[in-house]
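Here are some notes on the model you sent, set out as numbered points for reading alongside the coordinates. They take up the sheets, the helices packed on them, a few loop residues and the interior space.

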Amino acid sequence: MKRYTFPFISVLFLIAATLSGASQKAVNTFTVMSYNIRNSLEKDGTNAWDYRYPASGMMIDDNQPDVVCVQEALKGQVSYLDVVLEDYKAVGVGADNGKNEGEFTAILYKKKTVSVSKWGTFWLSDTPEKASDGWDGEKRLCATWAVMKDKKSGKRFFIVNVRLAGERTLRDGAALVAAKVRELNKDGLPAFVAGDFNMEYSDSSLLPLRSVMSNAREDAAIADTTPSFNGWGKSQATIDHIWYSGVGSCISFETVTKPYYERNFISDHYPVKATFIF
């Protein structure tokens, strides 16, 4: 996180002045959210999905991001969001079989502001092109990627949604993601990578990604320092990140801690969102 030597109010003034001065040039903002929803099979007592499911839809509807990258969701959870959020549509597959089984890293996009030209999946394994066991053998994990267009500006962009878990996956996963961004983003479009990385953004395992992208929390003109993992109020860690490249600037980064559906914790992770000048 950047530390500024001038008062916080000065940051607000500079942003306001920048946006005001650039308004005649039709400045366009674009918001990306990352949200580990916590899968519905976990035995979480009163924090189980059956008790908290309305809160996730309410949170997304309240924040209105252009794109939401959801991790750890099972098919029923993705289907619920797809139905309850009429303004959004989801793409993605289950990691177990490339269809409906296993965890999804689904990308939800706001239909009024975003369109999709193509999307696909790669697995966090030695054979990323097909549904396959992960490096750590615990569960299959996949990443969803898409080429999309921001309808407001007409600009296309590339986005990846990923969740890293397991010792080797944490060590090598970011390098695979960085390689896939280079491989799949053939037109060199502005790019975003969002997800649950299960490590602090200063971790050396993220260096392959850091070498080609910027971290939104670190670079945003205004950002909080609230940890994104809450562990149902029992833990704190900053492990959910949004990375970007080829975008003008990140004007804000926020950890969404607002309660929804009278739930202090809508998941064991807080959603994070970044707004860009795009």
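**Notes on the predicted model**

1. Arg163 stands opposite Asp196 of strand S8, and this pair is a convenient place to enter the structure, which is a predicted model. The two strands concerned, S7 (residues 156-163) and S8 (residues 191-196), are paired in the parallel sense through 6 bridges.

2. Strands S7 and S8 belong to an open sheet of 6 strands, ordered S5-S6-S7-S8-S11-S9, in which the pairing is mixed. At its edges stand strand S5 (114-123) and strand S9 (214-215), each with a single partner strand, so one side of each has no neighbour in the sheet. Helix H4 (residues 167-184) packs on this sheet, where it touches S5, strand S6 (142-150), S7 and S8, and its direction makes about 155° with that of S7.

3. Leu164 is placed in the loop between S7 and H4, and with a relative accessible area of 0% it is buried. Not counting residues up to four places away in sequence, Leu164 touches a set of residues that includes Leu124, Leu170, Ala174, Asp196, Phe197 and Met199. The C-alpha atoms of Leu164 and Gly195 are 8.2 Å apart in space, although the two residues are 31 residues apart in sequence.

4. Asn198, which is also among the residues touched by Leu164, lies in the loop between S8 and helix H5 (207-210). Its backbone deserves a look during review: Asn198 has a positive phi of about 55° without being a glycine. Most residues other than glycine have a negative phi. With a relative accessible area of 28%, Asn198 is partly exposed.

5. A positive phi, near 55°, is also found at Tyr261, again a residue other than glycine. Tyr261 lies in the loop between S12 and S13, and its relative accessibility of 45% places it in the partly exposed class.

6. How are the strands of the other open sheet ordered? There are 7 of them, in the order S3-S4-S2-S1-S13-S12-S10, and the pairing is mixed. The edge strands are S3 (88-91) and S10 (222-223), each of which pairs on one side only. Helix H2 (residues 49-63) packs on this sheet, touching strand S1 (29-36), strand S2 (67-73), S3 and strand S13 (272-277), and the direction of H2 makes about 165° with that of S1. Helix H3 (residues 75-84) lies across S2, S3 and strand S4 (104-110), and runs at about 155° to S2.

7. Within the sheet of 7 strands, S13 is joined to S1 by 6 bridges, with the two strands running antiparallel, and Lys273 in S13 is the bridge partner of Met33. S13 also pairs with S12 in the antiparallel sense, again over 6 bridges, and here Thr255 stands opposite Val272 of S13. S13 is mostly covered, since 5 of its 6 residues are buried, that is, under 20% relative accessible area.

8. The pairing at the S10 edge is of another sense: S10 and strand S12 (residues 249-255) run parallel and are joined by 2 bridges. Ile222 is the residue that stands opposite Ser252 in S12.

9. Ala48 is found in the loop between S1 and H2, and its relative accessible area of 14% makes it buried. Along the chain Ala48 and Ser267 are 219 residues apart, yet their C-alpha atoms are separated by 8.9 Å.

10. How many cavities of 30 Å³ or more does a search of the whole structure find? The search finds 1, and the space in the largest cavity comes to about 40 Å³. Its lining is made up of Met59, Val256, Thr257, Lys258, Tyr260, Asn264, Phe265, Ile266, Tyr270 and Pro271. By class, these lining residues divide into 7 nonpolar, 2 polar and 1 charged.

Methods. Residues are numbered from 1 along each chain as its sequence is written. This is a predicted model: local features need pLDDT of at least 70, side-chain atom pairs count only at pLDDT 80 or more; totals for chains, interfaces and linings use all residues. Side-chain values use heavy atoms; hydrogens and water are left out. On a 1 Å grid over the protein atoms alone, a cavity is a set of points where a 1.4 Å probe fits but cannot get out, and a pocket is an open set with protein on both sides within 12 Å along at least five of seven lines; lining residues have an atom within 4 Å of a point. Grid points are joined across faces, edges and corners, and a volume is the space filled by probe spheres set on the points. Ala, Val, Leu, Ile, Met, Phe, Trp, Tyr, Cys and Pro count as nonpolar, Asp, Glu, Lys and Arg as charged, and the others, Gly among them, as polar. Two strands pair if DSSP finds at least two bridges between them. Helices (H or I, at least four residues) and strands (E, at least two) are DSSP runs, numbered from the N terminus. Contact means heavy atoms within 4.5 Å. Axes are lines fitted to C-alpha atoms, for helices over the stretch in contact, and angles run from 0 to 180 degrees between N-to-C directions. Buried means under 20% relative accessible area, exposed over 50%, partly exposed in between (1.4 Å probe, protein chains only).
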